[in-house]
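Look over the sequence and the model shown here before reading on. The paragraphs that follow take one part of the chain at a time.

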Amino acid sequence: MLTMSAAAEEPFRPEAGKFPPLAKAHSYRGELVFVDHVNRRGSIRVQGNGVFRRNDPRPFAMLPYGIVRYHGAPADLRDIPLGTVMHVRAYLPPDPKISAVPVLPVNNKEKDSDHRRGTGIAPAENHVLLLEDEPSHCLREGLVWKLKEVEIKDNEGMIVASREPKAGGDGKAEEETLSFDGATRIWRGREYLGISELIAEGLWPASGKKSLEGQAVQLGITWKPTPGGVFTRFHISDIWLDDAAMQRTAQNQTETHKAFMRSRWIPAWVDAVEYGKFGRATVTVTLFGGMDPSLYAAFDKERQVLVNGVENTLKHTEGGSAGPTQMAARGAIRDISKTPGDVPLGSSGVQVRFETDLITEGMRPTRIIRIRPASWPDVHMPREEYLNSGNYSHEDRFPTPAIFPNYEG
């Protein structure tokens with residue numbers, strides 16, 4: 001099914017230093033086809049009202065404060081397997097001049113390239129605030145998949161299901177037919193099962209059809225080429241049979257992301273700078289959202305922090321052989337505050353005010369930085385994740401063939 005936000009019919013362009021309202025985002029869904037994780041961009045085959053397999057993959061870029069969620073937990077683009085069906089909330093490029101992906105006509109989602117592909121498959125809204133897989137989307141929206149019927153032969157087949165509110169729907173949810181096969185993973189509590197084990201337990205038939213009576217589950221959804229000339233049919237990669245199994249999977253992904261962020265530092269933007277003498281300054285930053293609370297809790301008053309300027313792709317702009325730690329500004333946290341009530345998606349609501357005796361060019365209002373407590377691991381970034389120190393342009397944001405050794409001769 002094609003999902004579009006009615007509030008996003010008028011395209012919206014985010015402004016620097018302001019978290020955009022989710023209600024203004026354009027919504028779509030599609031298959032993750034390509035990932036350039038170090039530049040926080042990729043391509044999605046967007047679902048429209050035509051033949052899905054014919055749709056060209058469309059580039060997208062994560063906003064600096066854009067959130068990725070996988071298996072109901074925080075994630076990085078590198079965590080998402082290709083082929084995963086993702087839900088997207090996105091806007092027009094904030095600054096088209098430095099967009100990391102092609103800039104399209106504002107009304108591009110309304111165009112029909114040909115009748116076999118339909119409209120909606122090439123939205124100009126390709127700067128993403130929220131990118132989430134199926135279980136993440138359902139958990140955030142309070143939805144479950146209700147399994148109606150299974151048809152199976154030789155450990156593969158079709159399931160008829162509908163996505164409905166967990167609290168109970170109105171009976172109007174649209175049914176979908178999804179495929180599964182012997183590689184589909186089944187999760188129950190701490191158990192990892194296969195299709196053959198569900199058959200052995202008598203829960204599914206060895207062959208033929210069986211009613212599943214609206215069994216509520218969470219599904220991982222991918223896409224693969226479908227026989228029979230079907231326009232659009234998605235595939236089930238995972239079935240979580242109960243909340244305990246889903247929570248266990250989410251916790252595993254949370255730990256993966258926590259370890260990653262401790263080595264790459266928390267992204268934020270600069271709210272204000274109070275200049276002192278001889279390079280001293282007091283800087284206030286807002287930490288970006290979507291991460292485990294324990295990462296934000298690590299920022300204690302009077303704790304020492306390290307701060308480095310980064311590009312909009314969140315690449316460190318100061319790296320080189322010294323690494324970001326040696327090039328970073330340092331200082332002590334003077335105050336921590338939390339925005340009361342609801343905060344916009346993309347923001348943590350946590351503001352950190354710190355004092356430094358080395359104010360750098362990267363610390364200016366609305367600029368993006370990365371920050372970490374001094375007690376976190378001191379590691380060097382791999383070469384593709386930072387820009388050359390003090391000598392770069394916008395065109396240097398992405399690797400060129402020069403990053404590879406010369407094997408000739």
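Is F234 buried or exposed? F234 has a relative accessibility of 2%, and because the cut-off for buried is under 20%, this residue counts as buried. The same reasoning applies to F52, which is buried with a relative accessible area of 1%. The rings of F52 and F234 have centres 5.5 Å apart, and their planes stand at 80 degrees, so the pair is edge-to-face. These two residues come from distant parts of the chain, 182 residues apart. F52 lies in the loop between strand 2 (41–46) and strand 3 (58–70), while F234 lies in the loop between strand 12 and strand 13.

The model is predicted, and its confidence should be read along with its shape. The mean pLDDT of the chain is 90, and 89% of its residues reach 70 or more. Residues 1–8 are a weak stretch: pLDDT stays under 50 there. For these residues the model has 23 contacts beyond four places in sequence.

Next comes strand 13, which covers residues 235–240. This strand is mostly covered, with six of its six residues buried. Strands of a sheet pair through backbone hydrogen bonds, either parallel or antiparallel. Strand 13 has a partner of each kind. Strand 10 (residues 185–188) runs parallel to strand 13, and three bridges join them. In that pairing, R185 stands opposite D238. Strand 12 (residues 208–222) pairs with strand 13 in the antiparallel sense, over five bridges. Here Q218 has W240 as its bridge partner.

Helix 3 takes up residues 243–264. Its 22 residues reach 31 Å from the first C-alpha to the last, close to the 32 Å expected at 1.5 Å a residue. Many positions in helix 3 can be checked for burial; the buried residues include A245, M246, T249, A250, Q253, T254, H257 and K258. Further along helix 3, F260, M261, S263 and R264 are also buried. An α-helix has 3.6 residues a turn, so residues three or four places apart point the same way. After helix 3 comes W265, whose phi is positive, near 80 degrees.

The barrel is the next thing to find. Six strands close into it in the order 14-15-18-17-16-19, and the pairing is antiparallel. From one strand to the next, the twist averages 45 degrees. One of the pairings joins strand 14 (residues 266–275) to strand 15 (residues 281–288), antiparallel and over seven bridges. Within this pairing, A268 has L287 in strand 15 as its bridge partner.

What remains is the aromatic rings. How many aromatic pairs does the count come to? The count is 12 aromatic pairs. One of them is formed by F19 and W269: the ring centres are 4.2 Å apart and the planes are at 25 degrees, so the pair is stacked, the cut-off being under 30 degrees. This pair also links distant parts of the chain, 250 residues apart. F19 is in the segment before strand 1 (26–36), and W269 is in strand 14. Both residues can be tested against the burial cut-off. F19 is buried with a relative accessible area of 17%, and W269 counts as buried at 3% relative accessibility. Ring pairs also link F19 and W269 with Y65 and F288 into a cluster.

Notes
Residues numbered from 1 in each chain as written. Predicted model: local features only at pLDDT ≥ 70, side-chain atom pairs only at ≥ 80, totals over all residues. Heavy atoms only, no water. pLDDT = per-residue confidence, 0-100. Contact = heavy atoms within 4.5 Å. Buried < 20%, exposed > 50% of the residue type's maximum accessible area, 1.4 Å probe, protein only. Helix = DSSP H or I, 4+ residues; strand = E, 2+ residues; numbered from the N terminus. Pairing = 2+ DSSP bridges. Axes fitted to C-alpha atoms, helices over the stretch in contact; angles between N-to-C directions. Expected span 1.5 Å × (residues − 1). Phe/Tyr/Trp six-rings, centres within 6.5 Å; stacked < 30°, edge-to-face > 60°.
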